[in-house]
Amino acid sequence: MKNFKTRFSTYRNTFREQFQNHVFESRDRILLLIKTLSVICSAIALGFLVYRYGFYVDAPIERVIFGTLDVIFFAFAIFFVFRVIYDSHWIDFLRRNWFEALLIAFVIFCGTLNYILNFRITYYYFELLGFTNPELSNQHFLSIYMLLMIGLDLTRITTLLSEISYKPATTFLLSFVLLILMGAGMLMLPTMTPGKTSMDLIDAIFTSTSASCVTGLIVVDTATAFTLKGQIVILVLIQLGGIGMVSFATFFASFLTQGVGIKHQSIIQDYLSSESLVSATKLLRKVVLITLFIEFLGTIGIYYAWDEELWEQSQQFEDVGEKIFFSFFHSVSAFCNGGFSLFSGGMADTNYKIDRMYNLHFIIVWIVILGGLGYTTIEDIFSFKSIKERFIRPWKQWNVVTKINVYTTFTLLAIGTIGFLLLEIEKLTDRTIIQAFVTALFQSMTTRTAGFNTMDFEALNPATIMMCLVLMFIGASSGSTAGGIKITTFVLVFVAAVANIRRQERIVIANRTIPDELIRKAFSIFIFAIAYNILAIFLLLLVQEPSSPNDTKFILKIIFEQVSAFATVGISMNLTGELSFWGKVIIIASMYLGRVGTLTLALALSNAVVTNSYRHPNAHVMVG
């Protein structure tokens with residue numbers, strides 16, 4: 001008996017060693033095969049989902065689609081099991097990938113009940129909860145679940161960015177190009193627009209660019225030219241464009257997988273204007289959570305801001321679900337400074353009683369302000385840690401960026417509000433003092449990249465238009481969802497100019513010295529922005545013709561449209577719908593360039609200087 005136990009123990013140890021050796025030797029090949037098959041499965045599943053929701057399909061085809069998705073769910077479970085087996089520390093692996101492990105466990109649980117006991121638990125609960133069409137609800141649930149699985153798979157792919165030789169700036173630019181093209185492709189699907197016809201390519205690209213770059217200029221009416229599916233696609237583009245697709249991927253990578261690479265962190269550092277790579281990654285997690293939290297609060301505020309009399313008389317909302325969707329759409333659009341609205345006439349829609357919408361306007365003002373302050377500013381003011389530190393040490397002040405953003409934001413907001421009240425007082429006489437103030441405040445806020453409107457900008461005075469151009473060009477804070485050259489750029493250029501006039505050697509703001517590198521960067525952005533807008537306006541004047549020979553404001557409309565597009569504002573003097581093909585192309589380029597930034601584009605296209613340690617002799621050049 002003792003010899004038998006000894007031989008059994010020897011065989012067991014030998015088998016274990018051979019198995020471990022086999023696992024170790026085949027690990028790289030198997031994991032590469034799993035990654036390849038996982039990507040293929042994700043592509044197939046995504047294609048089936050696009051076909052299911054983008055085209056009109058019959059019931060037999062639906063059964064084939066969701067039968068294939070069940071097979072892919074099973075394949076994802078097998079892939080995950082193999083990844084656990086081939087990891088030398090499987091407990092740490094499960095701890096790092098806890099979210100994916102929970103998803104796979106649920107897939108295995110549901111699959112066991114479905115194919116062994118013939119019991120569809122998700123369908124059962126939808127039926128139990130009283131859904132009118134539990135089969136359709138179950139399909140939607142499975143589709144969302146599959147998209148989540150595909151998103152995790154794509155997240156793992158994005159962690160390979162560090163192995164690509166592209167610059168971080170180039171990767172950031174390409175991410176928006178990819179988002180725009182995917183959005184345009186989705187918007188061209190038959191079910192995204194009413195009827196059986198698809199959207200024109202140029203209009204789809206224009207709409208996708210406007211949503212991805214959170215601009216708000218539209219060539220078709222968002223409320224009537226798109227179905228609910230199309231509006232959801234636009235909503236997703238606004239959300240991804242507001243935070244950045246790479247930012248979302250990095251967020252999920254840092255939370256749900258093995259972490260992010262240096263290139264990810266470099267992209268986020270540039271995008272969020274963070275001081276270091278470490279703080280960039282930490283800040284990113286807060287960014288996504290802050291965004292979702294504010295949008296959630298905004299949804300609640302907008303939901304209760306809809307006036308019941310407006311709701312009942314206009315019959316805008318068929319049910320509570322549609323009211324929630326309208327609230328969430330406008331909250332996301334406001335915080336991301338998207339400017340898209342599900343009202344045909346925007347916030348000035350004449351089909352609704354305008355005097356019943358001022359509460360809604362006031363709520364949207366604050367959502368837009370928070371979206372335009374910038375994530376670092378929001379975190380510095382409202383985070384629990386900052387509030388706790390200031391409660392313990394009341395003398396602790398905001399950082400320099402927060403002071404610049406807050407003080408300049410409310411200064412520009414006050415200037416714009418007073419300007420609208422004084423310059424357009426004759427158009428506000430039909431409103432009470434509070435209503436006129438809210439209207440002026442709303443337009444002052446929205447001019448600085450929000451894109452909503454409660455007034456017809458074509459009917460405004462030329463002086464008001466000039467004030468709007470300045471506000472649009474400045475924009476909001478760096479590291480925010482807004483556009484323009486940014487507040488910090490404007491302040492640094494202004495302070496540097498004043499310092500030069502006063503012959504100051506150093507530029508100081510809030511008792512802090514500003515490095516020369518930041519001043520040069522601010523002047524570069526300022527000059528590039530002016531140069532590009534002049535070029536784009538010139539090209540628009542070449543390709544665009546006035547709608548009528550007596551259109552005396554044509555040049556002003558062109559200038560306003562271009563600055564609005566470049567600053568990703570989204571307000572128009574009713575010119576967007578009249579743009580020619582090449583006019584749309586120019587505006588598309590302006591929206592894209594305004595979102596990614598002129599300096600980012602220059603860095604992506606430029607080559608690094610080998611060395612600048614040498615110095616040429618000084619030269620005297622006449623200036624002024």
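Modeller: A charge sits over a ring if NZ of Lys or CZ of Arg is within 6 Å of the ring centre and within 35 degrees of the ring normal. In this predicted model, the charged end of Lys-323 meets that description over the ring of Tyr-303, at 4.4 Å from the centre.

Biologist: Which ring does Arg-120 lie over, and at what distance from the ring centre?

Modeller: Arg-120 lies over the face of Tyr-123, and the distance to the ring centre is 4.5 Å.

Biologist: Before further details, how many helices and strands does the protein have?

Modeller: The secondary structure amounts to 26 helices and 2 strands. Of the 624 residues, 50% count as buried. Taking contacts between residues at least 6 apart in sequence, 70% join residues at least 24 apart.

Biologist: How is a pair of aromatic rings described?

Modeller: Two values serve: the distance between the ring centres and the angle between the planes. There are 23 aromatic pairs in the structure. In one of them, Phe-473 and Phe-526 have ring centres 6.1 Å apart and planes at 75°, over the 60 degrees required, so the pair is edge-to-face. Phe-473 belongs to helix H21 (residues 462–474) and Phe-526 to helix H23, so to speak of sequence, the two are 53 residues apart and the pair links distant parts of the chain.

Biologist: Are Phe-473 and Phe-526 buried or partly exposed?

Modeller: The cut-off for buried is under 20% relative accessible area. Phe-473 has 15% relative accessibility and therefore counts as buried. Phe-526, at 23%, counts as partly exposed.

Biologist: Which residues form an aromatic cluster?

Modeller: One cluster is formed by Phe-73, Phe-106, Phe-126, Phe-131, Phe-141 and Tyr-145.

Biologist: Now helix H23. What span should its 28 residues have?

Modeller: At 1.5 Å a residue, H23 (residues 516–543) should span 40 Å. The C-alpha atoms at its ends are 41 Å apart, which agrees.

Biologist: Why do residues three or four places apart in an α-helix point the same way?

Modeller: There are 3.6 residues a turn, so such residues point the same way. The buried residues of H23 can be read with that in mind: Ile-519, Ala-522, Ile-525, Ala-529, Tyr-532, Asn-533, Ala-536, Ile-537 and Leu-540.

Biologist: How many residues of H25 are buried?

Modeller: In H25, 12 of the 16 residues are buried, so this helix is largely enclosed by the rest of the structure. The buried residues include Lys-584, Tyr-592 and Arg-595. H25 reaches 23 Å from its first C-alpha to its last, close to the expected 22 Å. After H25 comes Gly-597, with a positive phi near 100°.

Biologist: How are two packed helices described?

Modeller: The angle between the axes and the distance between the axes are given. The axes of helix H15 (residues 320–335) and helix H16 (residues 358–373) come within 7 Å and cross at roughly 40°. That makes H15 oblique to H16. On the H15 side the contact is made by Ser-331, Ala-334 and Phe-335; H16 contributes Ile-364, Ile-367, Val-368, Leu-370 and Gly-371.

Biologist: What sign does phi have in most residues other than glycine?

Modeller: Most such residues have a negative phi. Asn-337 has a positive phi of about 55° although it is not a glycine. Asn-337 is in the loop between H15 and H16, and its 1% relative accessibility makes it count as buried. Asn-574 also has a positive phi, about 60°. Its loop runs between helix H24 (554–566) and helix H25 (581–596). With a relative accessible area of 41%, Asn-574 is partly exposed.

Biologist: Which residues does Leu-189 touch, not counting residues up to four places away in sequence?

Modeller: Leu-189 touches Val-50, Gly-54, Phe-55 and Ser-198. Its place is in the loop between helix H7 (168–187) and helix H8 (201–212), and its relative accessible area of 9% makes it buried. Leu-189 and Val-50 are 139 residues apart along the chain, with their C-alpha atoms separated by 8.7 Å.

Biologist: Where does Thr-402 lie, and is it buried or exposed?

Modeller: Thr-402 is in helix H19 (residues 400–423). At 1% relative accessibility, Thr-402 counts as buried. Leaving aside neighbours within four places in sequence, its contacts are Thr-376, Thr-377, Asp-380 and Ile-381.

Technical notes: Residues are numbered from 1 along each chain as its sequence is written. This is a predicted model: local features need pLDDT of at least 70, side-chain atom pairs count only at pLDDT 80 or more; totals for chains, interfaces and linings use all residues. Side-chain values use heavy atoms; hydrogens and water are left out. Helices (H or I, at least four residues) and strands (E, at least two) are DSSP runs, numbered from the N terminus. The expected span of a helix is 1.5 Å times one less than its number of residues. Buried means under 20% relative accessible area, exposed over 50%, partly exposed in between (1.4 Å probe, protein chains only). Rings of Phe, Tyr and Trp (its six-membered ring) pair if their centres lie within 6.5 Å; planes under 30 degrees apart count as stacked, over 60 as edge-to-face and the rest as tilted. Contact means heavy atoms within 4.5 Å. Axes are lines fitted to C-alpha atoms, for helices over the stretch in contact, and angles run from 0 to 180 degrees between N-to-C directions. Angles under 35 degrees count as roughly parallel, over 145 as roughly antiparallel, 65 to 115 as roughly perpendicular and the rest as oblique.
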